[in-house]
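Let's take a friendly walk through a protein model. Keep the picture in view as you read, and turn it whenever a new part is named.

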Amino acid sequence: MEKNILVTGGAGFIGSHLVDRLIVEGHNVTILDLLDPQVHPNSKKPPFLNKKARFVKGNVLETKLLLKLLKDAEIVFHQAAVVGVGQSMYKLNYYVENNIGGTANLLEALINKENSVKKLIIASSMSSYGEGEYECANCGRVFPKLREIKQLKEKKWEVKCPNCNLELKPIPTTEEKLLDSNSIYAISKKTQEEMTLNIGKTYSIPTVALRYFNVYGTRQSLNNPYTGVMAIFLNLIKNNKSPVVFEDGLQTRDFVSVYDIVQANILAMKSKNADYESFNVGTGKPTSIKELSELLIKFTGSKVFTNITYKFRKGDIRHCIADISKIKLRLGFKPEHSIEKNIQEILNWSKTVKVTDNFKNAEKELIEHDLI
Ligand SMILES: NC(=O)c1ccc[n+]([C@@H]2O[C@H](COP(=O)([O-])OP(=O)(O)OC[C@H]3O[C@@H](n4cnc5c(N)ncnc54)[C@H](O)[C@@H]3O)[C@@H](O)[C@H]2O)c1
Ligand SMILES: [Zn+2]
């Protein structure tokens, strides 16, 4: 049945793909997006904005506007956020205001006034976990903290057991793992998730938190130097520069296609099994950052090489891969994409995007703030 749906951040990378799918399914979609200039050059509407959706330019911090939009929304997908781990360590207010403040405003609007919202689904993040889960040959399953700066200075990259100091083996991270955020961005996403589930349960408004792992796909801003390792590497390759890889490049992440993220959102909207729960959304498969760089260089046919710096960034984790048993079992989620399968589409799309050369400035900012 067709529904009235509000997508905050619907002009962004993930939000816009979600909007497309909702429109195909026959829903009436309203987008609320500020067109943050860090993501949308000169705050211009992106060319991929779906013309069948109603576009409202505005901020989730505008209470009056939200109250108006919520009046006839039955489902809300909250994707709006400012996204950048390193940047959040020196622009604290910007992250707290938009991500925590924006969500607080949305939740207050949801409970205080008349509206017809039946469900709220929010974009949460794997960054809230901090380090992933590991296994120790002596101690079994362990949850280590961030590696010490001293260890990183010695270029010993792998995580050690907090009990017996043995080198650990990464294993998939489950939703049960304690959230041990290590950046202001991660803290803002964790807080957003906790506030949402708390208000949802208290007022019996079905709420769902989807903890996205590392999302990739077309439309991920190639000009936002603060986030999205694949987009950053593509920017560098297009500028004929080498992808800059920290540590030894063997750190791994779970890269998940934006199409699979959309699938998870649709399942969460449709199934009551999702209500009041948090779910990992990933593939369960590790890819190292070095592998990613080499794959991109190979497919673009570029002459650049992977620049493994053996430097480190404060706050970086070593490995975190999703355990997706819960979302598979409860919602029937099944990842259907892989980087290899999607890469050609992403490269074709990237050819249509004009890129600026702004990575150096972002790196300079991290160095200035003593984060590299
Ligand atoms: N991309 C990833 O790998 C990833 C991983 C985990 C979680 N997430 C989460 O997914 C969501 C979408 O991320 P994305 O990668 O599509 O980022 P994006 O930057 O492409 O999209 C975010 C959109 O939100 C808008 N926005 C920002 N602040 C706003 C505000 N105050 N009011 C209204 N609109 C605002 C921006 O203009 C932008 O269009 C975010 O909540 C992010 O934290 C993303
Ligand atoms: Zn041990």
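## Buried or exposed?

Here is an idea to start with: a residue is exposed if 12 or fewer other C-beta atoms lie within 10 Å of its own, and buried if 20 or more do. Please also remember that this is a predicted model.

## The two sides of helix α10

Let's try out those words on helix α10, which spans residues 339-350. Which residues of this helix are buried? They are Ile-339, Ile-346 and Ser-350. These three lie on the same side of α10 because they cover an arc of only 35° around the axis.

Now look at the face turned away from that buried side: here you find the exposed residues Lys-341, Gln-344 and Asn-348. What do the buried residues of α10 pack against? Their partners are two helices, α6 (229-238) and α8 (289-300), together with the strands β10 (214-216), β13 (255-257) and β15 (287-288).

## A closer look at Ile-75

Next, find Ile-75 in strand β4, which covers residues 75-78. Is Ile-75 buried or exposed? Ile-75 counts as buried because it has 23 C-beta neighbours inside 10 Å.

Leaving aside residues up to four places away in sequence, Ile-75 touches Lys-3, Ile-5, Lys-118, Lys-119 and Met-269. You can also compare sequence with space: Arg-54 and Ile-75 are separated by 21 residues in sequence, and their C-alpha atoms are 15 Å apart.

## Around ligand 1

How many residues surround ligand 1? There are 32, and the closest are Gly-9, Gly-12, Phe-13, Ala-81 and Ala-123. Sorted by class, the shell holds 16 nonpolar, 13 polar and 3 charged residues.

Several elements share in building this shell: α1 (13-24), β2 (28-33), α3 (92-112), β5 (119-125) and β10 each supply at least two residues. Which of them gives the most? That is α1, with 3 residues. You have met β10 before, as one of the elements that the buried residues of α10 pack against.

## Two domains

Finally, step back to the whole chain. The domain assignment gives domain 1 as 4-132 + 173-368, and domain 2 as 133-172. The C-alpha centres of the two domains lie 28 Å apart.

Where they meet, the contact takes 22 residues from domain 1 and 14 residues from domain 2. On the side of domain 1 that touches domain 2, there are 6 nonpolar, 9 polar and 7 charged residues.

How values were computed
Residues are numbered from 1 along each chain as its sequence is written. Chains are lettered from A and ligands numbered from 1 in the order in which they are written. This is a predicted model: local features need pLDDT of at least 70, side-chain atom pairs count only at pLDDT 80 or more; totals for chains, interfaces and linings use all residues. Helices (H or I, at least four residues) and strands (E, at least two) are DSSP runs, numbered from the N terminus. The arc is that of the directions from the helix axis to the C-beta atoms. Two residues are in contact if their C-beta atoms, placed from the backbone, lie within 7 Å. A residue is near a molecule or strand if its C-beta atom, placed from the backbone, lies within 6 Å of it. Ala, Val, Leu, Ile, Met, Phe, Trp, Tyr, Cys and Pro count as nonpolar, Asp, Glu, Lys and Arg as charged, and the others, Gly among them, as polar. Domain bounds come from an automatic or database domain assignment.
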